[in-house]
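Trainee: Please take a close look at one part of this model. Start with its main opening, then connect that to the rest.

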Amino acid sequence: MRSLAAIILLCLVVAAATAHSKPASNSLTLWYERPASQWVEALPVGNGRLGAMVFGGINLERLQLNEDTLWAGGPYHPANPEARAALPEIRRLLAAGKNKAAQDLTQEKFMSRPIRQMPYQTLGDLLLTLPGSDGATHYRRELDLDSAVATTTFRLGKFLHTREVFSSPVDQVVVIRHSARNINQPEQAAAFDLGIAFSSLQSSDTRTEGSDTLILAGKNGSAHGIHGALTFEARTRVSVEGGQISADANQLRVSGASSVTIVLSAATSFRRYDDVSGNPAALNAATHAAVKDKNYDALLAPHIAEHRRLFRRVALDLGQNSDAEKLPTDARVLRSPSTDDPGLAALYFQYG
C-alpha cells in the first residue's frame with residue numbers, strides 16, 4: 001500500500017482534475033459473503049441526520065438506528081460556582097512553582113461540572129424476521145457508494161430475496177424494501193412472511209397504530225449526574241404488494257407478500273442546546289404525511305440524485321488489480337499488505 005501522505009497528495013491532484021466526473025460503479029462497492037456478526041462489520045447508510053447500520057441478516061435482519069440529536073442528559077450549565085474564588089490561589093501556586101498543587105486545585109474547584117460531556121445514544125434497533133429462511137444460498141451483502149444503497153441478496157429455493165436500504169436526504173426517512181422473485185422467471189413473485197419489531201436500550205415503549213404503523217417512543221438516559229430530558233420517537237409505515245399486514249400490541253406481521261416497503265422516520269424533542277421542548281411525534285407525523293403518496297421508486301430516485309450531486313464531485317483512479325477486485329472487500333483488506341491493490345485505497349478514500 002502506498003504511504004498515506006502520498007495517497008493524500010495524489011487525491012488532491014486527481015480531485016482537482018476530475019471534479020463532476022462519473023465514477024466507475026464497479027469500483028465503488030463494498031461487498032461481503034456473510035452477514036455482519038458485530039457492529040463494526042455492519043454497513044452504514046445515512047443522510048447526515050438519520051442513519052442505520054445494516055447487518056444483512058437472513059432470518060433476522062437488524063438495523064441499528066441513529067438520530068443525530070439523541071444524546072444523554074439535558075440542558076445544563078457547566079460552570080463551576082467555585083471557580084472565581086479559586087482563581088487567585090491557582091495563580092499564586094503557579095507563580096510559586098507549585099504546579100502539582102495548582103493542578104489539583106484547578107481540577108477540584110475550577111473545571112466544569114460535570115467535566116465530561118454527554119455521550120451519544122443509539123435510538124434502538126429495527127428488527128425484521130423472515131420465517132422459513134433456513135438453508136439460504138448465494139448470499140451477498142453490499143454497499144454501493146455511488147447510490148448510497150445497502151443491498152442484501154440470497155436465494156431460498158428457486159426464489160431470489162432482495163433487501164435494499166437507504167436513508168434519503170430529500171425526504172428524511174430510512175427506506176427498506178424486501179422483495180422476492182423467481183430466479184428463472186422474474187415476473188413470478190414469491191409469497192413470504194415478515195415480522196417487524198423495535199428493540200431499544202432506552203426507556204421506551206412500542207405500540208402499533210392501525211395495521212400498518214409501528215411506533216417506538218421513549219426518553220433518553222442520564223449521564224454524569226445530568227438527568228435525561230429528551231424525548232424521542234421512531235415511526236415506521238409499512239406497505240405491501242400481494243399480501244396482508246396485521247398488528248398486535250408491539251409488532252407488525254406481514255403475510256403472503258411479494259414485496260414489503262418500510263418507511264422509517266425518527267425525531268427527538270431537541271430544538272437547541274437549551275431547549276428540549278420539541279414534539280417528536282408531530283415532526284414524524286409531518287414527515288410521513290409528506291411521503292405518504294410516494295412509492296419506493298419515487299423515494300429512491302431523488303435520494304440517488306441528491307447523493308450523487310455531492311458524491312460525484314470527486315473521482316479517484318489509482319489503478320486497478322482485476323484479480324483483487326473479484327474478492328469480497330474483507331478478503332481484499334486481509335491481502336492488502338502483500339498484494340498490489342491500488343483500487344482498494346481508492347475505495348477506502350471514497351468510503352470515507
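Mentor: Start with the lining of the largest pocket. Three elements, β2 (43-46), α5 (296-311) and α7, each supply at least two of its residues. Helices (H or I, at least four residues) and strands (E, at least two) are DSSP runs, numbered from the N terminus. A pocket is an open set of points on a 1 Å grid over the protein atoms alone, with protein on both sides within 12 Å along at least five of seven lines; a cavity is a set where a 1.4 Å probe fits but cannot get out; lining residues have an atom within 4 Å of a point.

This is a predicted model: local features need pLDDT of at least 70 and side-chain atom pairs pLDDT 80 or more, while totals for chains, interfaces and linings use all residues. Numbering runs from 1 along each chain as its sequence is written, and side-chain values use heavy atoms, without hydrogens or water.

The largest pocket holds about 470 Å³ of space. That volume is what probe spheres on the points fill, with points joined across faces, edges and corners. In total, 18 residues line the pocket. Gly46, Leu145, Ala148, His307 and Phe311 lie nearest its centre. The largest share of the lining comes from α5, with five residues. By type, the lining has 10 nonpolar residues, seven polar and one charged. Here Ala, Val, Leu, Ile, Met, Phe, Trp, Tyr, Cys and Pro are nonpolar, Asp, Glu, Lys and Arg charged, the others polar, Gly among them.

Ala148 deserves a pause. Alanine 148 sits in the loop between β6 (137-144) and β7 (149-156). At 17% relative accessibility, alanine 148 is buried (under 20%; exposed is over 50%, partly exposed in between; 1.4 Å probe, protein chains only). Its phi is positive, about 55°, although alanine 148 is not a glycine. Most residues other than glycine have a negative phi, and most peptide bonds are trans. Histidine 224 is another residue other than glycine with a positive phi, near 55°. Histidine 224 belongs to the loop between β12 (213-219) and β13. Histidine 224 is partly exposed, at a relative accessible area of 36%. On the peptide bond side, arginine 113 and proline 114 are joined in cis, with omega about -5°. Proline 114 is in the loop between α3 (99-110) and β5 (124-129).

Back to the pocket wall. Helix α7 spans residues 342-351, and because seven of its 10 residues are buried, the rest of the structure largely encloses the helix. Those buried in α7 are Pro342, Gly343, Leu344, Ala345, Ala346, Leu347 and Gln350.

Just ahead of that helix comes aspartate 341, in the loop between α6 (329-335) and α7. Aspartate 341 is buried too, with a relative accessible area of 3%. Beyond neighbours within four places in sequence, aspartate 341 contacts (heavy atoms within 4.5 Å) Asn321, Ala324 and Arg332. Asp341 also lines the largest cavity, together with Ala324, Leu327, Ala331, Arg332, Arg335, Ser336 and Thr339. That cavity has a volume of about 30 Å³. The structure holds one cavity of 30 Å³ or more. Three nonpolar, two polar and three charged residues make up the cavity lining.

Now the packing. The largest nonpolar core has 48 residues, and Leu126 and Ile196 touch the most other members. Such a core is a set of buried Ala, Val, Leu, Ile, Met, Phe, Trp, Tyr and Cys residues joined through side-chain atoms within 4.5 Å. Outside its neighbours within four places in sequence, isoleucine 196 contacts Leu126, Leu127, Leu128, Leu214, Val238, Gln251, Leu252, Val254 and Ile262. A second, separate core has 10 residues, including Val149, Val263, Leu299 and Ile304.

Valine 238 is one of the partners of isoleucine 196. Valine 238 is in strand β13 (residues 231-241). With 3% relative accessibility, valine 238 is buried. Not counting residues up to four places away, valine 238 touches Ile196, Asp212, Ile245, Leu252, Val254, Val260, Thr261 and Ile262. The C-alpha atoms of valine 238 and isoleucine 115 are 44 Å apart, with their positions 123 residues apart along the chain.

Last, the overall frame. The protein has seven helices and 16 strands. Its C-alpha atoms fill a box of roughly 85 × 55 × 35 Å along the principal axes. Of its 352 residues, 45% are buried. Among contacts with a separation of 6 or more, 64% join residues 24 or more positions apart.
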